[in-house]
Every structure is written in structure tokens, then in C-alpha cells.
Amino acid sequence: MKDKASDFPELNDSEWLSDFALAVDIMEYMNELNTHLQGQDMLAHNIHAKVEAFKAKLQLIYAGMNKGNCDHMPTLKQTSVCGNKLGYYASKLQDLHKEFSERFGDFDLVNVDMSIVSRPFSVEVEGIPTYLQMEILDLQSDNLLKDNFREMSLSCFYASLNDATFPRLKSLARKILVLFVCM
């Protein structure tokens with residue numbers, strides 16, 4: 001390949017190499033996210049958590065770049081990046097964060113409901129809709145149900161709840177658990 005160096009002039013361009021390194025690192029994070037989002041048991045609250053973690057990572061990388069730190073971008077860190085280029089890269093990371101926030105913004109509309117379904121024993125009753133408060137209190141005070149919650153999948157747990165005692169909670173769980181279900 002050394003005798004073919006003239007075929008790839010980009011490899012001698014430090015600006016192109018740092019741009020490429022940024023792309024490599026970002027694609028690594030996006031590939032990791034993509035891998036986490038795949039799978040049979042991936043429910044809406046799991047997807048939301050992974051996307052939120054990805055967005056938080058983008059913010060952390062952005063903050064680091066604004067301070068001249070590329071520690072979370074290992075490929076980029078190995079290149080010689082001009083200081084003014086880091087500001088440009090940081091702005092691109094902000095654009096990517098904004099895009100993810102917009103694309104997954106619908107999750108914000110059901111975030112409270114997802115929290116109730118995925119963590120019914122730890123939600124603050126005052127912070128949930130009033131139509132669910134009494135049922136959640138009944139649920140949280142039942143130690144057998146608490147044990148079942150730890151031992152069962154979410155769908156099995158909610159299917160096991162008594163229809164007469166938890167009608168609204170079961171209805172909410174059905175709505176949330178069917179979001180993005182992979183068959």
C-alpha cells in the first residue's frame with residue numbers, strides 16, 4: 001500500500017484525518033446504541049433508557065470538547081486536531097443531540113407512563129396521574145406482588161395482576177408494553 005500513497009492523498013491531510021477520526025468515534029457510539037436497541041425483549045422503556053444514555057454521552061463529549069478534551073473520542077484523540085476544529089466538532093455533536101431529541105421526542109410524551117409501568121414500586125404516588133394513585137398504593141403495599149415483580153418479566157407480572165383490583169394499571173401497562181414490541 002505504501003507505493004499507492006499517491007492514490008489516497010487524504011491520508012496526508014491532517015484535517016481530513018481528524019474529520020475521519022471524529023466520524024469513526026461517533027459511528028462507534030451509534031453502532032453501540034443500535035446493537036443495544038435490537039433484541040426480542042426490548043420494550044419501550046428500555047429503548048428510551050438507551051436513547052437517553054446516548055444523548056447524555058453526546059452532551060458529555062460536547063462539554064469535553066469545549067474544554068479541549070477528547071478523552072471520550074479515542075480515535076480523534078490520536079490525531080493532531082487544531083483547537084478551532086474542536087469547536088466545530090462540538091457544534092456537530094450538538095446538532096446530532098438535537099436530531100436525536102427531535103426524533104425520539106415522542107418518548108417524552110409517555111415518559112411518566114413508562115416510569116410507572118417499569119418501576120411501579122418506586123414511583124412517587126404524588127407525581128403520577130390521580131386515576132392511578134390508589135391502585136399504585138395498593139400495589140406498593142403488597143409484598144407478595146413486590147416479590148413477583150422482581151421474579152417475573154414485566155408482561156407476565158402485569159398479566160398476573162387481578163383485573164378487578166388493578167384495572168387502570170393493567171390498561172396502562174398494556175398500552176406501554178405493546179410499544180415497539182419485536183415479534
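**View 1. Lys 55, a buried residue of helix H2.** Welcome to this predicted model; our tour starts at Lys 55, whose relative accessibility is 10%. Because buried means under 20% relative accessible area, Lys 55 counts as buried. The residue belongs to helix H2, which covers residues 44-66. Leaving aside residues up to four places away in sequence, Lys 55 touches His 97, Phe 100 and Ser 101.

**View 2. Helix H2 crossing helix H6.** Staying with H2, we now look at its meeting with H6, the helix of residues 111-118. The two axes come within 10 Å and cross at roughly 115°, and the crossing is left-handed. On the H2 side, the contact is made by Ala 44, His 45 and His 48, and on the H6 side by Asn 111, Met 114 and Ser 118. Of these contact residues, two are nonpolar, four are polar and none is charged.

**View 3. Two cysteines, Cys 70 and Cys 156.** Cys 70 has a relative accessible area of 12%, so it is buried. Cys 156, at 45% relative accessibility, counts as partly exposed. The disulfide count for the model comes to zero.

**View 4. Confidence along the chain, with helices H5 and H7 picked out.** The mean pLDDT of the chain is 87, and 90% of its residues reach 70 or more. Where is confidence lowest, and where is it highest? Helix H5 (residues 106-109) has the lowest, at a mean of 72, while helix H7 (residues 130-140) has the highest, at 97. A friendly reminder for any view: where pLDDT is low, the predicted coordinates should not be read in detail.

How values were computed. Residues numbered from 1 in each chain as written. Predicted model: local features only at pLDDT ≥ 70, side-chain atom pairs only at ≥ 80, totals over all residues. Heavy atoms only, no water. pLDDT = per-residue confidence, 0-100. Helix = DSSP H or I, 4+ residues; strand = E, 2+ residues; numbered from the N terminus. Buried < 20%, exposed > 50% of the residue type's maximum accessible area, 1.4 Å probe, protein only. Contact = heavy atoms within 4.5 Å. Axes fitted to C-alpha atoms, helices over the stretch in contact; angles between N-to-C directions. Left-handed = near helix turned anticlockwise from the far one by under 90°. Nonpolar A, V, L, I, M, F, W, Y, C, P; charged D, E, K, R; others polar. Disulfide = S-S within 2.5 Å.
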